[in-house]
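Fancy working through a structure one small puzzle at a time? Grab a pencil, open the viewer and try each task before you read its solution.

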Amino acid sequence: MVALELRIFDLIQVQRHKIDPNAKLLSLDSELVGVARRRSEDMAAKNYMAHKSPDGQTSASLIMDEDSDFQGLLGENIAAQHFTKQVGVDVEGFAQRFVKTWVDSPDHKENLSFAAYDRSGVGAAVSGDTVYVTQLFATNLGLKQHAADPKARQVTPLYNAKTESSPPDAMPGAGTAPAAHAEPQSAPQ
C-alpha cells in the first residue's frame with residue numbers, strides 16, 4: 001500500500017497548489033504517516049469508517065500518546081473504496097478516485113487546501129474488498145514549544161462550524177465512489 005500512499009500524497013500536493021497557489025508545500029512526516037497507517041489499519045481490522053475508533057481513539061489522541069510535545073492544528077481526511085478481487089487495486093486509479101472524492105467535497109477540499117498545513121502523512125490498509133485511507137495534515141501554527149505539564153494537555157476537537165456537529169460514525173454502504181469524512185482537530189497550545 002506504500003505506492004498508493006505516496007501517489008495520494010503527490011496528487012494532494014498538486015491539488016493544494018491548484019486551489020491555493022500560496023499554500024505551503026507539504027513535507028512527508030514520518031510520525032503522521034505512522035499514525036495514518038495505524039488509523040487505516042484499525043478501520044480495516046474493525047470494519048468501520050469514522051474519525052473516532054470504537055474504543056475512542058482519534059488520530060489526535062494517538063499523536064499525543066506518541067509525542068506529548070505535539071501542538072498546533074491537525075486535520076484528517078478518511079475514505080474507503082471497494083474493489084473486486086478479480087481486478088485488484090490499481091494504484092493510479094484508486095489514488096485519483098480518493099483525491100477526486102476529497103476535492104469534490106467542500107469540507108474535505110477545505111481541509112486539504114488549508115494553506116498553513118506544512119506536513120502530511122498518508123496511511124492505507126486493505127480488509128476483504130475494501131481499501132481504507134487516512135490522510136493527516138498538520139502545522140504548529142508558528143507556536144513556540146511550551147513547557148506546560150504534559151499530563152495537563154488535552155486534545156480539543158474542532159468540528160466544522162457550518163454543521164456544528166461531529167461527523168457520522170457509521171461507514172456508508174458500498175458504492176462506486178469512495179466514502180469519505182473530513183475533520184479538523186486541534187492539539188493543545
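Below are six exercises with worked solutions, and they deal with a predicted model.

**Exercise 1. The length of a helix**

Task: Work out what span helix α2 should have at 1.5 Å a residue, and check it against the distance between its end C-alpha atoms.

Solution:
- Start with the residues: α2 runs over residues 30-46, which makes 17 residues.
- The expected span is 1.5 Å times one less than the number of residues, so for this helix it comes to 24 Å.
- Now look at the ends: the end C-alpha atoms are 24 Å apart, which agrees with the expected span.

**Exercise 2. The two ends of α2, and what covers it**

Task: Find which residue caps the N-terminal end of α2, what comes just after the helix, and which elements help to cover its buried residues.

Solution:
- At the N-terminal end, Asp29 does the capping, with a side-chain oxygen 2.9 Å from the backbone nitrogen of Glu31.
- Just after the helix sits Asn47, with a positive phi of about 55°.
- Most residues other than glycine have a negative phi. Asn47 is not a glycine, yet its phi is positive.
- Asn47 belongs to the loop between α2 and α3. With a relative accessible area of 54%, Asn47 is exposed, since the cut-off for that word is over 50%.
- Back in the helix, the buried residues include Leu32, Val33, Val35 and Ala36, and also charged ones such as Arg39 and Asp42.
- Their cover includes the strands β1, β2, β3 and β4 along with helix α3.

**Exercise 3. A serine in a helix**

Task: Decide whether Ser113 is buried or exposed, and find what its side chain reaches.

Solution:
- Place the residue: Ser113 is part of helix α5, residues 106-113.
- Its relative accessible area is 11%. Buried means under 20%, so Ser113 counts as buried.
- The side chain of Ser113 reaches the backbone oxygen of Lys109 at 2.6 Å.
- Leaving out residues up to four places away in sequence, Ser113 touches Arg16, Ile19 and Ala23.

**Exercise 4. An enclosed strand**

Task: Say how many residues of β2 are buried, and how β2 and β4 run.

Solution:
- Count the buried residues: nine of the 10 residues in β2 are buried, so the rest of the structure largely encloses this strand.
- Then look at the pairing: β2 and β4 run antiparallel, joined by 10 bridges.
- For one pair to click on, take Leu74, whose bridge partner in β4 is Ala138.

**Exercise 5. Two nonpolar cores**

Task: Find how many residues the largest nonpolar core has, which elements supply it, and which one gives the largest share.

Solution:
- The largest core has 22 residues, and those with the most contacts inside it include Ile8, Phe98, Trp102 and Val133.
- At least two residues of this core come from each of α1, β2, α4, β3 and β4.
- The largest share is that of α4, with six residues.
- Zoom in on Ile8: among the residues it touches are Phe98, Val99, Trp102 and Val133.
- A second, separate core has 11 residues, including Val35, Ala60, Leu62 and Leu74. You have met two of these already: Val35 is one of the buried residues of α2, and Leu74 is the bridge partner of Ala138.

**Exercise 6. Following the charges**

Task: The structure holds nine salt bridges. Find which residue pairs with Arg7, and which residues are linked in a network with Arg119.

Solution:
- Arg7 pairs with Glu92, the closest N and O atoms being 2.6 Å apart.
- Since Arg7 lies in α1 and Glu92 in α4, the pair ties together parts that are 85 residues apart in sequence.
- Both partners are partly exposed: Arg7 has a relative accessible area of 27%, and Glu92 has 33%.
- Next, the side chains of Asp29 and Arg119 meet in a salt bridge at 3.2 Å, N to O.
- Asp29 is in the loop between β1 and α2 and Arg119 in strand β3, so here the tied parts are 90 residues apart in sequence.
- Asp29 is buried at 16%, and Arg119 is buried at 18%.
- Arg119 also forms a salt bridge with Asp118, with the closest N and O atoms 3.4 Å apart. Asp118 counts as partly exposed, at 22% relative accessibility.
- Put the pieces together: Asp29, Asp118 and Arg119 are linked in a network of salt bridges.

Conventions
Residues are numbered from 1 along each chain as its sequence is written. This is a predicted model: local features need pLDDT of at least 70, side-chain atom pairs count only at pLDDT 80 or more; totals for chains, interfaces and linings use all residues. Side-chain values use heavy atoms; hydrogens and water are left out. Helices (H or I, at least four residues) and strands (E, at least two) are DSSP runs, numbered from the N terminus. Buried means under 20% relative accessible area, exposed over 50%, partly exposed in between (1.4 Å probe, protein chains only). Contact means heavy atoms within 4.5 Å. A polar contact is a pair of N or O atoms within 3.5 Å; within protein, one must be able to donate a hydrogen and the other to accept it, and residues adjacent in sequence count only if both atoms are side-chain atoms. Two strands pair if DSSP finds at least two bridges between them. A nonpolar core is a set of buried Ala, Val, Leu, Ile, Met, Phe, Trp, Tyr and Cys residues joined through side-chain atoms within 4.5 Å. A salt bridge is a side-chain nitrogen of Lys or Arg within 4 Å of a carboxyl oxygen of Asp or Glu.
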